[in-house]
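This text walks through a single protein model, part by part. Have the sequence and the 3D view open while reading.

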Amino acid sequence: MHFLRALLAWLSVPVLCLLGLFLCLARPFNPDNTRILGWAIARVGRCLLGLERPLDGYENMPLNRPTVIIANHQHNDDLFLMGDLLPPRTVAIGKASLRWIPFFGQVFWLGGNVLIDRKRSSRAVAVIQTTAEAMTRERKSLWIFPEGTRSHGENLQPFKKGAFYAAIAANAPITMVCAEAYRSEARGRLGRRRPVRLRVLPPVETRDLSSDDVPELMARCHREMSQAIHEMGTGEWA
């Protein structure tokens with residue numbers, strides 16, 4: 001039953017992306033394309049998985065001004081957990097290889113999201129700087145997984161600097177989304193996924209900060225996210 005639920009959930013993604021492709025072609029690079037598609041994928045996926053997602057602190061998510069949203073990244077299932085949390089006019093940063101995923105890669109690009117090649121660090125930094133300028137000019141928010149890769153439910157990994165440089169350059173607050181440690185295969189009765197709790201922390205302002213403050217800002221955010229994840233049950237599978 002669990003395998004069937006997971007199969008149906010992941011089969012729904014290309015189907016929804018194919019439908020979303022029509023939306024993206026009708027209004028290419030509109031930043032709300034991603035929010036609409038993310039909402040649909042997350043809600044359908046959780047329904048098919050039988051997954052509950054208790055959410056705390058969503059009132060901390062800025063809805064009327066740009067923000068840089070950072071979240072811990074554990075499994076591909078994060079798409080179902082977090083896809084419907086994007087505030088209006090939010091774009092995401094993803095690895096360049098996403099463009100080759102059928103339908104998903106195309107709608108990701110047409111949604112105005114940013115693809116970067118982390119192997120070419122100088123170009124990646126330039127792209128993030130350009131994105132920060134667009135945040136200010138076009139009043140967009142930015143979603144990024146600062147660990148840069150999946151942790152598979154282990155401790156929060158070290159952060160990369162891009163999100164923090166972008167927040168300071170755009171004079172935008174950093175909003176932290178924390179998911180408790182979980183296993184993608186963890187299940188309860190009738191193959192339903194066990195609940196996974198999420199918490200949105202109060203924004204960290206970046207006013208009056210400069211690039212020299214990035215290390216301290218990174219350390220603060222890492223510390224606060226680690227504490228929140230620990231409080232939700234770090235080290236204990238959901």
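What follows begins with the sheet, moves to its strands, and ends with the helices and two loop residues.

The model is predicted. Its sheet is open and consists of seven strands, in the order β1-β7-β6-β2-β5-β3-β4, with mixed pairing. The edges are formed by β1 (55–56) and β4 (114–116), each of which pairs on one side only. Strands of a sheet pair through backbone hydrogen bonds, and the pairing can be parallel or antiparallel.

Both senses can be followed across the sheet. Strand β5 (residues 141–144) pairs with β2 (residues 68–71) in the parallel sense, over three bridges. With β3 (residues 90–95), β5 also pairs in the parallel sense over three bridges. Individual residues show how these strands line up: Ile69 has Trp143 as its bridge partner in β5, while Val91 has Leu142 as its bridge partner there. Strand β2 also pairs with β6, again in the parallel sense, over four bridges. Here the bridge partner of Ala71 in β6 is Val177. The sense changes between β6 and β7, which pair in the antiparallel sense over three bridges. Val177 takes part in this pairing too, with Val200 as its bridge partner in β7.

The side chains of these strands come next. In a regular strand, side chains alternate between the two faces of the sheet. On β5, Ser141 and Trp143 point one way, Leu142 and Ile144 point the other way, and all are buried. Trp143 has a relative accessibility of 6% and therefore counts as buried, the limit being under 20%. The structure holds five aromatic pairs. In one of them, Trp143 meets Phe145 edge-to-face, with 6.3 Å from centre to centre and 80° between the planes.

Strand β6 (174–179) is mostly covered, as six of its six residues are buried. Ile174, Met176 and Cys178 point one way from β6, and Thr175, Val177 and Ala179 point the other way.

Two helices can now be placed against the sheet. Helix α6 (162–170) lies across β2, β5 and β6, and runs at about 160° to β2. Helix α7 (214–232) packs on the sheet as well, where it touches β2, β6 and β7. The direction of α7 makes about 30° with that of β6.

What span should the 19 residues of α7 have at 1.5 Å a residue? The expected value is 27 Å, and the end C-alpha atoms are 27 Å apart, so the two agree.

Which residues of α7 are buried? They are Val214, Leu217, Met218, Cys221, Met225, Ala228, Ile229 and Met232. These residues cover an arc of only 105° around the axis, and therefore lie on the same side of α7. An α-helix has 3.6 residues a turn, so residues three or four places apart point the same way. The buried residues of α7 pack against β2, α6, β6 and β7. On the face turned away from this buried side are the exposed residues Glu216, Arg223 and His230. After α7 comes Gly233, which has a positive phi, near 125°.

Two loop residues complete the tour. Leu201 is in the loop between β7 (198–200) and α7. Because its relative accessibility is 10%, Leu201 counts as buried. Beyond its neighbours within four places in sequence, Leu201 is in contact with Asn60, Thr175, Met176, Cys178, Glu224, Met225 and Ala228. Of these contacts, Thr175, Met176 and Cys178 are also among the buried residues of β6, while Met225 and Ala228 are among the buried residues of α7. For a sense of distance, Leu201 and Ile93 are 21 Å apart in space, C-alpha to C-alpha, and 108 residues apart in sequence.

Ser151 sits in another loop, the one between β5 and α6. Is Ser151 buried or exposed? Its relative accessibility is 7%, so Ser151 counts as buried. Leaving aside its neighbours within four places in sequence, Ser151 is in contact with His73, Gln74 and Gln157.

How values were computed: Residues are numbered from 1 along each chain as its sequence is written. This is a predicted model: local features need pLDDT of at least 70, side-chain atom pairs count only at pLDDT 80 or more; totals for chains, interfaces and linings use all residues. Side-chain values use heavy atoms; hydrogens and water are left out. Buried means under 20% relative accessible area, exposed over 50%, partly exposed in between (1.4 Å probe, protein chains only). Two strands pair if DSSP finds at least two bridges between them. Contact means heavy atoms within 4.5 Å. Axes are lines fitted to C-alpha atoms, for helices over the stretch in contact, and angles run from 0 to 180 degrees between N-to-C directions. The expected span of a helix is 1.5 Å times one less than its number of residues. The arc is that of the directions from the helix axis to the C-beta atoms. Rings of Phe, Tyr and Trp (its six-membered ring) pair if their centres lie within 6.5 Å; planes under 30 degrees apart count as stacked, over 60 as edge-to-face and the rest as tilted.
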